[in-house]
Every structure is written in C-alpha cells, then in structure tokens.
Amino acid sequence: MAEAHPVGFQWVMEAKRRGAAIIHIDPRFSRTSAVSDMFVPIRAGTDIVFLGALISYVIENEKYFKEYVTAYTNAAAILREDYRDTEDLDGLFSGWVDEKGQYEGPTWRYQDADFKEHESTRVPESHAERSAHFSGPKVKAYATDYTLQHPRCVFQVLKRHFKRYTPEMVQDSCGISPEQFLKVAEHLSRNSGRERTTAFCYAVGWTQHSAGAQFIRAAAILQLLMGNVGRPGAGIMALRGHATIQGSTDIPTLYNLLPGYLPMPKAGVDNTLADYIKNYTARSGWWTEFPKYMVSLLKAWFGDAATPENDFCFDRLPKITGDHTHMTSVVNMADGDMDGYLVMGQNPVVGSPNSGLQRKGLRNLKWLVIRDFYMIETAEFWKDSPEHERGEVSADTIGTEVFFFPAATHVEKDGSFTQTQRLVQWHNEAVPPPADARSELHFAYHLGKRLKELYADSKDPKDRGIQELAWDYPVHGARQEPSAEAVVKEINGYTAADKNPVKGFVDLKADGSTACGCWIYSGIYAGGVNRANLKHPATDHYQLGHDWGFAWPANRRILYNRAAADPEGKPWSERKKLIWWDEEKKTWTGWDEPDFMKPVPPSYRASEDAQGLETISGDDPFLLQPDGKGWLFAPTGLQDGPMPAHYEPFESPVHNPLYGQQCNPLRMEYERSDNQLARPYNDANYPYVITTYRLTEHHTTGAMSRWLSWLAELQPAAFCEISPELAQEKGLRNGDWAVISTPRAEVEMRVLVTERMRPLRMRGRTVHQIGMPYHFGNRGLVTGDSTNELLAFGGDTNSTIQESKALTGNIRAGRRNRSAPARKQSNDEPDEQLRDLPGARDRPVGRHGVHGPFSKQGDQT
Amino acid sequence: MANGFFTDTTVCIGCKACEVACKQWNQLPDDGYHFTGMSFDNTVHLGASTWRHVSFIERPVPLNGADTGFSWLMASDVCKHCARAGCLENCPTGAIMRTEYGSVYVQQDICNGCGYCVSGCPFGVIDRNHEDGRAWKCTLCYDRQRDGLEPACAKACPTDSIQFGDIAELKERAHKRLEILHEHGMREAYLYGVDAASQPGTGGLNAFFLLVDKPEVYNLPPDPEVPTIRGYQSWKAAGIAAVGFAAAALVSALFGRSAKNHEG
C-alpha cells in the first residue's frame, strides 16, 4: 500500500502513531513491510489457504463475534440436503455440469427457499441480478437455526469446509511458519470484537488471480465472523489501481453494467422494459427500488423522448450478445473479427498480459484511436516491437490506421475522482491544456454531437438511439469545453418537469417524473451545490468530515453502519460508537449518516408478505442484500462456488495440497498457440514463481511517468528482484542482465539481488519467487522490456480479470535473443488435463471465444 | 527566529515525493538515467541538481519491536543549514548568506564558481553545476517562505516524515517523538545534529534528523566539523610556526657557520 498508494498510506501511518499494529502479507518485502510491525512473506497465489486458516482458527477457537455473527450474517440459514462441499467432491462443489463447464441448479440454496427460477441458468453477474435471483414470493421463508448447531446450517458447513485449512497447511502451501501464522491469528482475534476493530486493505495482489473474487470473499467471511464490517476502523478497503477506478466502475467503463450497478440489458432475455424490470427487481431488500433507478436513468439519457408509452426508450439501448471483456476482445481482434478499437487512458501493450498477443490484435484492426498524453507503446506498436526485431512484421505491412488524440491531464480539466471509500472529490482546471489536448468530456461530448449530426436524417430504426439521446450540455470558452458541473447535476438527478435537483435517490420515481444519471451518486448536487467540491476538512470534534467531498451513497462515510449498533440498536461499545437508535425521538442517529431507514425501529420484523422496503427488518444491516444479512455462504452470485476454496494458479510449482482439483474449474481460459501455458505444476523448465507489481516511482504502464525526467531518473530501468540464494543458484550478479522466460516470451531485465526477496520452505523443498515491476516498454525517456510479455491470457471468470500475480518462469544470466522467438522448451508435452479432475475436464471449448472458427488462424500475424 | 526541518526517518516510506516536489518547484534537471543496483536509490547523493535525496538501506536485522526479520531504512537527506555553515564561512565573494529565516542561501548572481564552499561543507551537500560552474543547493524554499508557504518537500511528504517550522518548536516535537519511540522499545532511535551540544562541529543543524542506526549507515558523518571552526587554532598554530621559523632563521643568520667554513 505504501508502494502503490503512498498518499492514502498517510492514514495508515497516522493509525500507527495512534497505536495500531500493521501486518503486511506479501510475496516481497516492500516499502509497506519497511514500516510494518509484522511482515509475512507468502507464496503468490495462496491467500485463500492463509485466509481460510484464519477463518478456521477463529471458528475452532471460538474467537468470532457471536452476537454479530448470529444476528447479522446468514450463519443460521440451513442449506439443502443435496448440497455437497469441496470436501466431499475433492475440490468441486455440487451442481457441476461437465458438458457446460459450469455450476448450475439449486444445491447452493437455503432449505425451503422460495427462490425465483430464471429462464437463464447462468449465475447472475451484478448485485441487482443476484438479489433478484434470491427469493420468490415469500420473504425470508427459509429454514434457520439460530443456535448455529444444525449440521447443515451455514455456520457448521463453513466450519467443515475450512477444517483442513490448518497452520500446517499454511506452512505447506504458503511457506509461512505455523508460529508466524498463529501470531497473526492471535493478533486479529485480540483486535476484534466489541471494543476493537481490524481493517483489511488489498489491491490487485488479491484480484489478479484465477480465483481473485474468492480471495476477497475469504476476507469478507473473516471480517463478518469478527464483526468487522459496518463499524468504525473496520471493513475491507479495495485499493484501486488509478485515481478513479472506483468511479469508473460506479459509472462504468464495463461492458456489462449501466451506471449504479444496474445490469446491461441482454439480447434475447431483456426484450422489453417489463422483461428487464422483472428479471432484475428483487423481491426483498433495497433492490426492490430497482425500477425507479432504471426509469430515471432512461429519462436522464433520453429526456423528453422517453415516455411511458415507448418504454422510456428502453429499446434504444444496445443489448449485449456475448463476452466483450478485454481479453476476449483482443483475441477477437487477433483473429480478425474486430475492425476498430478506442483506447482512452490505457496502454494495453504494456499493461495487459501477453503483449505479443495484444500487438497481434492491434495489427489485425482496421483502425485504432488512442487518447493519451504521449505516443505510448500502444500508439506505436506498428513501429517497433520484438516481432519487428525478429523480422516477423514490418511497419509497411501493418494495415491498422492509427488516430492519436492528445489528452488533457487532470490539472487541465474540471472533474472528479472517486476513491476506495467511495468519496468523490472535485478538481478544477488549474491551467488550460496545451495545443490540441482536450478533456475526455470534450472528446465524448463533441463526438456525440457529430454523430447526432451524421445520423440526423437517418430513417433506420437502429439509429434512433443516437437521434433521441438527450445531449445538451452547456459549453464555455474558445475550446467549447462542456460544463462538468452540468454532468454532475444530471448524475445527481432532477425532476423532469422543472429540472430542480433531487435531494437523493429516495426522491426518484419509476413513472418518468424524475431523471437520474447514477442513482448511487444521487445527492451529490442536492440543493444545487456541487458537494464533491466541498473542502471543509474533518476536525477532532467531527472526525468523519462530511463536508469534505461527497461519499456515495447519501454522503455515508461508513457503509452498512447499522451494524455498528447491536440488534437492539445500542452501540456495541462506547469506544466503537457510531450509529444508534434514539428511542425517545424514534429515529436512527449518530455521527454518520445512518445506513438504514431512519424511522424503522430495531424491533421491526418484516412479514412474509411485506413489499418493497418494508421487507427489511430492523436488524437487517446489509440492506442491499435480499435477506439483509452478510453472506458467509453465497447461495447465488459467484460462478465458482458459494465459499472460497484454494486452487493453484494456472501455473504453479506444486500440486494443489488441498484437493485433486488443481485449478479453479471455472477459470477463464484461452487455449491458443499464441497463449501457451507451462505444465500446471512441477514444470522443470519453469521452476520459479513470478509475481508482478508496481513501484512508487512509476504509474502503471509508465505512460504518466516514463516521459517525465523527475520520475524517470528515480527508476530508470526495468529490473527483477531475486534473493541472494537464487542469484547464487543461477550465477546472477546484482546490476547485471538476466533473461526471464515463460512459454509466451522472453524478456531481459537488470537484476536487483536483495534479501527483501526470500526463498520459501514448504514440503521439504525451496520455492524461489522472482519479483517483477511491470512499468516498462520501448517508448519514453527510459525504456525496457515489458514484464507483461511473459503473462498469459486467462483469469477469474467472475470478474474477467487476468491472472498476473502468480505464474511460473525461468531465469538465466545474459541478454535476450533478438532474432528468434521464445519457444516453449518443454521436452514432455504438458498435460493440460492435470489442471482438472476427471469429472471436470470435458467442458466445452470456446466458452471464452477461444475455440471458435477463428482459432484456426491462431498462428497468423 | 530560524526555520528548518525535522526529518523523522521512522515514518519515511521512501516515496521520494520530496525529491520530485523539490525538482519540480526549483525546476532542476535530472541526474541522468542510471540504474545503480543500490536498492531503490538511483540518484545516489545530494548534488547541484538533487537537493533532496532519499537513501534506502537494507539491513539483515529488524528494528527493535518489529517482527519483520529484516529492515529497510529510508531517510530523506537535505542541506542541514548548519548553525555554523562551512560553505558560508568559506565563501570569498559573499554569495552565500544567512537569510532572515536562518537558512543558508546561495545568491546565484554573485557566485563566481570558485568552489571553496564545496570543500567547506562537511556533509558534501553543496555542489557545482558542471555547466555553469556555480554552486547550488537547497534554498529552504526561500521563495515559498517569502509567500508564507512551507518548502515543497515538506508540503509533498505524505507521512509528515519531513516537518518544517520554527527550529525551537521542531526540537520540542522531536524530543517528544523520541521519548515515545523509546517507550515503545525502539531504544536505538536518537536525534542527529539537534543542537550544538550533540554536534559541536556544526553548532547544531537547522535541518536535523531522527535516526535509528549509526550516522555512517545513512551516509552521514559521525562527527562533522566545519573546517573554519578550527580557524583560530589554525591561525594560532600558523602564527606560532611563523614566529618559530623567523626565530630559527635569525638564529641561523647570527650563529650559523658559513657553508664555506663547513666545507672546510
């Protein structure tokens, strides 16, 4: 965190000053470890074993927060008799359908649950969809045992599921000694409960794995068990990779979501607004409000054209027809199935896995638009690359037409950043952008204007979306810059009749009388004030600082803060007091904006026939959940299991110590000749673990730092970090060159020999890890080979994030061969089958668009 | 009144924001793009174009009380603005002066590039620019202070490792911080150059440090001494020597036998 988020880390240091202990778990000793109280080196990709063992420890030793767990989680829910655990099926859960390669059916559901069967058997992707899948006509009509003794209640199932996740298993999988593990476990136990709380911070070290979503789930289960959610000093902080990655999922750049986590309509399923609303409106919990948010969004986008008679222009929205995630799009490009590509503020040739395949994709486009500050690697892929060096391609044979648009930096435009606390903070244009550089807002707005002009006279029904789009934002100055505040006002929402800003999402309606660009941000412009631009800092008396920026939803600083009070509405302790029920005034009150319906008393219980928000009982703090409870066990919503189970990465030094199933059976896999993998384990040609990461001195792909002398001089070369032991073994010397190889590519890097990298001992053998920052490319003031040349396409199915934090490779002294491609040096053919149990091997090919008709062109460039 | 820095290295996270903020504010050039292989330090030392520099020290032993098996010390170095500044006292042109903020400042329009200041600094801070020949170093952001702003490095430091302010107040803060660290078992922590008593050779530093290992570990001299501090002694010794030589010459002239005689 100190390494990649130094500014946010000031608050960790502040907590340390006030007595907090910092525990750092990471494959390498980083800047964070340097100021931590404890550093725990771990084998990359084994965090579920570590977290699972903590879960098991707190359950077996009864260190969990009993009252919290019983009242606020689904620990008491009883599962169906036909549920089977990974313990029973050697690494698979019940419901596996081999011919489809996915989990299906009701076995993960609660007993007697009256859930909604859908036309689609697919596991829901968005939270709204998951809630909609959860229950049928009756609210909370499932079996429970609040003594948590029933053998099939979630608590007991969880206990059995993690039983073999012991300190010894941690030693054997993660390379962490039982003593050190127990220190962490004891510390966590001591530091949680009524009086104390513990927070987890993670970044892509948890997400970029083939079971990444389950890494986070494991942390969530642990935090729920310890009562560390919805309380001050608690929670799980997702540290994001850029300044407003949080903002770009809230108001998404993701293909399958609309603003505010509303699902993108799907072709053939969501044919009308009524279908769509039926498919995604929950029976209980806050998502029962879903229609209000969708209709208001349509009103914001289509304005007066959106009427009840025309479904508020629902059919003008594009519908998704398949997988359009990044990796799949790139293989589609590489196979000649895509014409154009718009890249804004991204440098995939350096930042995405398998750079060779990325470039192949770009070479097969007709056109490419790049918006960036500099001529980054992705803009100049046609000029220079390892394939050029080898003479495989040349500039005059690449047909892609590249358009480059210079971009304004964040100090050259008005706008906002949303960070991990969901805090939206405004920034103003300090200097005008130079020359032709323009803001994204300028680009998008004027592109929209031109498209509207272009299609103004079209009679084709498919163009009506563009024709009817409400696209009137005031512009100012010679640059014709659109007003960013006008966009904020639209995001906030307003009444359709008089265009007055609404106070918040509770004012939104499903009848077309309100418009709102993103319901969760509603309130950001309440009273006509841009609250993101408020800059009154917190004081000692008012520590949450509600007048500094705006935290969605409803300026709440701590989400699910109803859980900061006990079921009766009293604070768990004076020390951790935040929100409580005021019996006299009959309202929830406290130091934060209560995350609950203010007049609903703790004693209120929803009836089975309740409707809308009345389905939320007074002791249901997780009010976005259809049952109001934190899920220790996820009966729906995750594609690869209701609970986390440890699977090894695609490439690992060892066999899965827990199950016969080696890899996540639901992994996103691209079996292609241009994306070869090493053996699943024990590949003698690729014996070392590689993990990738960032340095403070550079920003992601270096597009913002390698062109700036003051940053470039601080880390001027691509390098890898290795332990003195590995250096000795391979004859590598500090400062010299080394070649690191995987079946995808070879790269050369300078060597930094350091005791910060430590060999791990596990199951009688030594596992070496190679640490590789990934900031470099062949453009800019300082250049070097891109680490991501080494990575493979493939990753987590839930999130479609690539596995870039754990792979295997080899290292040798010297320089890279520039005339011949890296070839997989395997003597024995890799047995791909070893990744799966016999019963999980025959999943259909092509699930990720990889074995379609185009895969025959796999070797063409 | 004197302003200065208290650099608490125990909260430094090595982000180098100070180096970058300094270079940006003062529009300094890069030092070249050289990979050194010395931990994360690629700018190596203070110089004409680097006025803040962060050292990275890898040690095989952990800090007291930390369960990390290892330690990585980080410290942001800067001109010390010594109470007795060797550079200033060595400067023959009067280019180097003490400002109203107690800082030591090089007036670039007067500096003739003689370089005497370079040999006068016991820390190796001040350095000549090889292109224009003049001597450059930290100005304690004199221009920012004139506008009521703190120096760029202190402003940019996210963890308050670099604290700027009135020296007397900073010393008080530093002693309190030291006490807390000692209470928490970090007995090795100490203040470097906090006053004349602990560092007579410089008369104390206006930019002093909280360190947890020997000064040499941080590339700081253990017992720095401004050369001019021995000026009186040197002149006295030279004077005595001169008198001695004169006397010897006289004696020799009066009583010495001639070479010729000796030859015979």
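**Helices and nonpolar cores of chain A**

Helix α14 of chain A is mostly covered, with 11 of its 13 residues buried. The model described here is predicted. The predictor assigns the complex an ipTM of 0.91 and a pTM of 0.94. For chain B, the average pLDDT is 94, and 97% of the residues score at least 70.

Helix α14 of chain A covers residues 290-302. From its first C-alpha to its last, α14(A) reaches 18 Å, close to the 18 Å expected at 1.5 Å a residue. The buried positions of α14(A) include the aromatic residues A:Phe290, A:Tyr293, A:Trp301 and A:Phe302. A:Met294, A:Val295, A:Leu297, A:Leu298 and A:Ala300 are also buried in this helix, as are A:Ser296 and A:Lys299. Just after α14(A) comes A:Gly303, which takes a positive phi of about 55°.

A:Leu298 is also one of the residues that touch the most other members of the largest nonpolar core. This core holds 271 residues, and A:Phe50, A:Leu54 and A:Val154 are named with A:Leu298 in that respect. Helix α11 of chain A, residues 212-225, gives the most to this core, with 10 residues. Another core, of 5 residues, lies apart from the largest one; among its members are A:Leu92, A:Phe93, A:Trp96 and A:Tyr103. In soluble globular proteins, nonpolar side chains tend to be buried together.

The contacts of A:Leu54 were examined with its neighbours within four places in sequence left aside. On that basis, A:Leu54 is in contact with A:Ala185, A:Leu188 and A:Leu222.

Helix α8 of chain A spans residues 167-174. The buried residues of α8(A) are A:Met169, A:Val170, A:Gln171, A:Ser173 and A:Cys174. These buried residues pack against two helices of chain A, α3 (47-60) and α9 (178-190), and against the strand β26 (760-762). A:Gly175 follows α8(A) and has a positive phi, near 80°.

A further position considered is A:Ile245, which lies in helix α12 (residues 245-250) of chain A. A:Ile245 counts as partly exposed because it has 18 C-beta neighbours inside 10 Å, whereas a buried residue needs 20 or more. Along the chain, A:Ile245 and A:Ser741 are 496 residues apart, and their C-alpha atoms are separated by 31 Å.

Methods:
Residues are numbered from 1 along each chain as its sequence is written. Chains are lettered from A and ligands numbered from 1 in the order in which they are written. A residue is buried if 20 or more other C-beta atoms lie within 10 Å of its own, exposed if 12 or fewer, and partly exposed in between; C-beta atoms are placed from the backbone. Helices (H or I, at least four residues) and strands (E, at least two) are DSSP runs, numbered from the N terminus. Two residues are in contact if their C-beta atoms, placed from the backbone, lie within 7 Å. A nonpolar core is a set of buried Ala, Val, Leu, Ile, Met, Phe, Trp, Tyr and Cys residues joined through C-beta atoms within 7 Å. The expected span of a helix is 1.5 Å times one less than its number of residues. pLDDT is the predictor's confidence in each residue, from 0 to 100.
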